[in-house]
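Let's take a guided walk through a protein structure together. Keep the picture open beside you and look up each part as we reach it.

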Amino acid sequence: MNTLLIALLAVPALGAVVVALLPDRRARLVSTGFAAVTFVLSALPILARTDEYSWFAYGPGDGPPMLPWAEVDLPWVPALGLEFHLGVDGISYPLIVLTGLLTLLCCAYNRKGRALAALLLVLEIGVLGTFLALDLILFFLFFEVVLLPMYAVIAGWGGPNRRAAARKFVLYTLAGSVLLLLGVLLVVTSAGTGDLVTLTGAAELSKDTQHVAFVLLALAFAVKAPLWPLHTWLPDAHTEAPTVGSVILAGVLLKMGTYGMIRVGVGAAPEGAGWASPVLGGLAVVAIVAGALICLRQTELKRLIAYSSVGHMGFVLLGIATMSITGVQAALVGNVAHGLITGLLFFLAGTIKDRTGTGSLDLIGGLRETAPRLAGLLGFAAIASLGLPGLAGFWGEAFAVIAAVQRGGPFWLTLAAVAAVGGALTAAYFLRLLRRVTHGPATPAVAAASPAVTRIEWLAWTPLILLTLAVGVVPALVLNDTVEPLANLLGVKL
Amino acid sequence: MSIDVAGPLLPLVPLIVGLIGLVLPPGDGDRARRRLAAGLGVAGAAVALLLAVRLVLDPADDPRNVGFTLADFGYLEVRFGTFVDAAAGYVALAVTVVALFVQIYSIAYLHDDRRYAPYVAQVSLFTGAMLLVVTSSDLILMLLGWEVMGACSYLLIGHDRRLPEAPAAAVKAFLVTRVGDVGFLLGIAVLIADAESTHLGDVLTHDYSPGTLTAALLLILAGVAGKSAQFPLHTWLPDAMAGPTPISALIHAATMVAAGVYVVFRLYPLYRQSPAALATLAVMAAITILIGALSATAQDDLKRVLAWSTVSQIGYMTGALAVGSPAAALFHLLTHAAFKALLFLAAGAVIHAVGTNLMSRMGGLRTHMPVTFWSFVIGLGALAGLPPLSGFWSKENVLTAAAHATGGGETAPAWAAWVVWLAALLSVGITAWYATRLLLRTFFGVSRAYGPDGPWVVGFQDGRYRTPAVPHDPPALMRWPLILLAIPAALLGLAAFAPGFRTALELEDPHLGVAVALPMLLLAAGAGTAWWLWRAAPGADPALVLGRAEPFLAAGFRLDEVQDRFVVRPVTTLARVVTAFDTNDVDAVVMATGTGASRAGAALKAAHRLPLPAAAVAVCAAALLLGAVAWLGALA
């Protein structure tokens, strides 16, 4: 199993090098091959799943703070206390698989040459490393690995305003990274270790340290997630990024923020998180409503979907802010659901934009007249994204609200109510989108577009569709092994 | 088949059939594909019907927590399990019967529709979702079915591609019900959080504090108002007539609007503990009964008359629930399912024959369409409550329950019972009036199929058929559902005399006392007035007597405008403000930070290029500053 975790990072790294050296026409096949191997590897840790959390071994809540299914712990820079410590548990596993899957689909879909394919694989290293890292400094390093490849993807293959968007993306998230570095260093120096297994539960840190550390970490993750009002890099980046860039950005990069919030923020500074949770919850709800309202006014397809991410991530952060097992579980399933659904939405939006040559909602209309399959898929993705029960998006949103109600008190009940209203607004803008794009007579741009869905497109989209349905019907797929780790993380007795 | 198998299969079969159907290639005129889609849809509905029959014959008696776990959210365990007691069994039976007839009827009705396959699949999904609400023993699963229905109604109402108003009507149906669902979600969230369980059995037996309970139940009522088209969230239902007519039958008779009533019925052990919630429900019901009935009087569109009559009749059901008689509500739900399905399918036959929805272009159809005519007679008679048709018995039950509750002793306050009773009684007369008007305008008199300027221009809703020279009864696939549905529409009321049915619903013994006289008198008055008006001015619309109130009633009390002014426009304004704030303030700060940094950089760069004297001054100033800092540091 140790080699497996190393291989998870080594295979895409090797792939990136090989793909970069190959001629363009081979790039797609080879990159897909490497991504496929990585995907298979990413799914394997389930075999090492331990039952040590079982109710007989420990009373949940009083076992060791974290028991990864598989881990690698090698000294790296002993002088700095830096270890190469990787591990998988029930919290990170779904996100690792999601990363493997989305990278594979993007590599298969990518028709823009070897450089982009290589960058996708480099991105995968950073994202997987972030989800695998069990050492704070290592976490920070992987967190940073992602920045420049993403910058290159946007700046290299994006739309007309790509340079400005890429610059804004990189500078904004870099500013967040500075805060992350400060937070990480604060935690590491005051606790004397960067090991997340030891740090989880954070008995060693004083209350004040935890407060400061959580503020720094939360700000950094809030930029990445993004949380209103730190979101303004997102719409530009998404609108300009190429299709695969948008898919990876929305599908997995944003998850690094919410995952970090749970694993590092709440894990290393639980008291700080508890102290800041009302602010976090309040901002999350503002994000939900503001995101939805802004979406009602958008006239560009990809920009609308980008802003919808702000609202969805608001539900995820609301779940985290409740600091309850139910809430954080809602956040985890919301994370995965958003990755699947918004990934699919961006694939579809990118295809529609490529076919019609425009993303303007004023110019696209009547898609179901000429391309019923594409329209049906867009309808499916939009309805999934608005949180229809039975599809993946529902559980995260509904249980974030339920968790807020469970938390009780007028403040959290208000948050729950406003978040639920935000859910209705979400329906409003997605229906507006569908009405514009799919209904009515076909516009010239749509009539001229080729209606058929190609084989590669089916290949890239079908897994997302099936998983959206599967997670929607059986959310246990994502949540199966999360209760006990979260009970330990949050210090909650079941 | 064991109930632990049949119960879960009941919703699953149509749901799975629906999902398979969605993957099938769209019909596109290919006969084999159409046959496959139709076969799948009909088979799914038929299997569900058999399962429902099985469950009615041997229902479960306690809500056990069986089934399998979908997920553990903390200590909340969401399970897929079903609880089919006798009442749920009868509702499921009604749902599946109507669904089966709708599927069969649609084969002929949509015989040249190019998107027939997805349509059939969506009908299956719709049925499955309703059955999930009916049978689920878990509140989250109930919510799942509840909202999937909303989505299916959206898809089906927007089905007709040639209708400019269909997409808007579809969006409206989804959004208005979704607004109600905000309350529904919050309501069950409160129930779940307090009971620490999502299981229906736990929630119903949990001991809530009165404040919490009333708050939760009122929130749930918002969802009920949305789905069951109760005031003030009923506005989507008349517009939903843009959907194909079989869909109207499905929505009005078996699914969707029945769901809200059913959920209150299911949660009735809780509602029984909250006078405030029941009083609210009573007021809502009374207003709905009257608005629905009065709006129905002035409609020219055949389907809209029926739509408003549904609003009004669902009001009777919620009214019965409010005055403490869930049995009467459920009985009326069942009879209403029968006669409203019959009416809509018959309306489809009329529209199929004459190619228009508007009664002002019909007339004289009785001789050409005897089957349809008699279907209408039975359906409208049941709707108006004409003895011995089904609606008479169930409506009588509602009125008796309300009258009984006016004496106090029920959970709801006596005044609430008075409100319901008066509204329900008054509405008997109004219903008779508009039912008679509909029958006379459509089937009697001379044909108005030709206007003053020749044949009517084709601009109608469901008219994908060329108008036949002589209107005729529909083909067999459409005719037989009418004939078969006419049986329960006529006779289901007599089931109140069947002991098994009565005990299953916990209905009281039917007794026809002197109290029947009053509604009968009103019924005769209503029907008689309409007939007299029609006789007095042959060919003229009896609704003309409404005078200046007519456009107001035809527009449904102009509540759409109210809704537009107080909800839609504020939200769009807010959206504009927030978007402007996001661009002009939030993002502007970010951009200003960027430009600020660039400017500072440029200034520093300029500073480094200063000529010698100025540079020396700058260096000295910097040295001074550093010295000052060091000094302060030494002091500290």
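This report goes from the contact between the chains to a few helices, the core, and some unusual spots in the backbone. Please keep in mind that this is a predicted model.

**Where the two chains meet**

Begin with the contact between the chains. On one side there are 40 residues of chain B, and they are in contact with 44 residues of chain A. Which parts of chain B each supply at least two residues to the side that touches chain A? They are β1 (68-73), α5 (139-157), α6 (166-195) and α23 (559-608) of chain B. The largest share, 13 residues, comes from α6(B). Sorted by class, this side of chain B has 27 nonpolar, 6 polar and 7 charged residues.

**Two helices of chain B**

Helix α1 of chain B takes in residues 3-23. With 21 residues at 1.5 Å a residue, α1(B) should span 30 Å, and because its end C-alpha atoms are 30 Å apart, the expected and modelled values agree. There is a bend of about 40° in α1(B) at Leu9(B), and a proline, Pro11(B), follows within four residues. Many residues of α1(B) are listed as buried, among them Pro8(B), Leu9(B), Leu10(B) and Pro11(B). What covers the buried residues of α1(B)? The cover includes α2 (31-57), β2 (76-80), α3 (86-109) and α4 (116-135) of chain B.

Now look at helix α17 of chain B, residues 390-405. Its 16 residues should span 22 Å, and the end C-alpha atoms of α17(B) are 23 Å apart, which agrees. In α17(B), 14 of the 16 residues are buried, so this helix is largely enclosed by the rest of the structure.

**What the UniProt record says**

UniProt, in an unreviewed entry, gives the annotation "domain: NADH-Ubiquinone oxidoreductase (complex I) chain 5 N-terminal" to residues 73-119 of chain B. In the model, residues 73-119 of chain B are 60% helix and 13% strand, with end C-alpha atoms 35 Å apart. The annotation "domain: NADH:quinone oxidoreductase/Mrp antiporter transmembrane", also from an unreviewed UniProt entry, is listed for residues 136-404 of chain B. Residues 136-404 of chain B are 76% helix and 0% strand, and their end C-alpha atoms are 32 Å apart.

**The nonpolar core**

The largest nonpolar core has 443 residues. Those with the most contacts inside this core are Val401(A), Val98(B), Ala341(B), Leu342(B) and Val420(B). Helix α15 (residues 326-354) of chain B gives the largest share, 22 residues. You can follow one of these residues outward: leaving out residues up to four places away in sequence, Val98(B) touches Ala249(B), Leu250(B), Ala253(B), Ala254(B), Ala337(B) and Ala341(B).

**Two partly exposed residues**

Tyr268(B) sits in helix α12 (residues 268-271) of chain B. Is Tyr268(B) buried, exposed or partly exposed? Tyr268(B) is partly exposed, because 19 other C-beta atoms lie within 10 Å, while a buried residue needs 20 or more. Although Tyr268(B) and Leu204(B) are 64 residues apart along the chain, their C-alpha atoms are separated by 8.6 Å.

In chain A, Leu179(A) belongs to helix α7 (residues 162-191). Leu179(A) is partly exposed too, with 18 other C-beta atoms within 10 Å. Beyond its neighbours within four places in sequence, Leu179(A) is in contact with Leu216(A), Leu219(A) and Ala220(A).

**Unusual spots in the backbone**

Most residues other than glycine have a negative phi, and most peptide bonds are trans. The table gathers some places that go the other way.

| Site | Feature | Value |
|---|---|---|
| Trp228(A) to Pro229(A) | cis peptide bond | omega about 5° |
| Phe231(B) to Pro232(B) | cis peptide bond | omega near 5° |
| Met323(A) | positive phi | near 55° |
| Met256(B) | positive phi | near 50° |

Where do these sites lie? Pro229(A) is in the loop between α9 (207-224) and α10 (233-240) of chain A. Pro232(B) is in the loop between α8 (210-227) and α9 (236-239) of chain B. Met323(A) lies in the loop between α13 (301-321) and α14 (325-356) of chain A, and counts as buried because it has 21 C-beta neighbours inside 10 Å. Met256(B) is in the loop between α10 (245-254) and α11 (257-266) of chain B. With 27 C-beta neighbours inside 10 Å, Met256(B) also counts as buried.

How values were computed
Residues numbered from 1 in each chain as written. Chains lettered and ligands numbered in written order. Predicted model: local features only at pLDDT ≥ 70, side-chain atom pairs only at ≥ 80, totals over all residues. Contact = placed C-beta atoms within 7 Å. Nonpolar A, V, L, I, M, F, W, Y, C, P; charged D, E, K, R; others polar. Expected span 1.5 Å × (residues − 1). Bend = angle between axes of the 7 residues up to and from the residue. Buried ≥ 20, exposed ≤ 12 C-beta atoms within 10 Å, placed from the backbone. UniProt positions renumbered as here; feature names shortened; annotations may be inferred. Core = buried A, V, L, I, M, F, W, Y, C linked by C-beta atoms within 7 Å.
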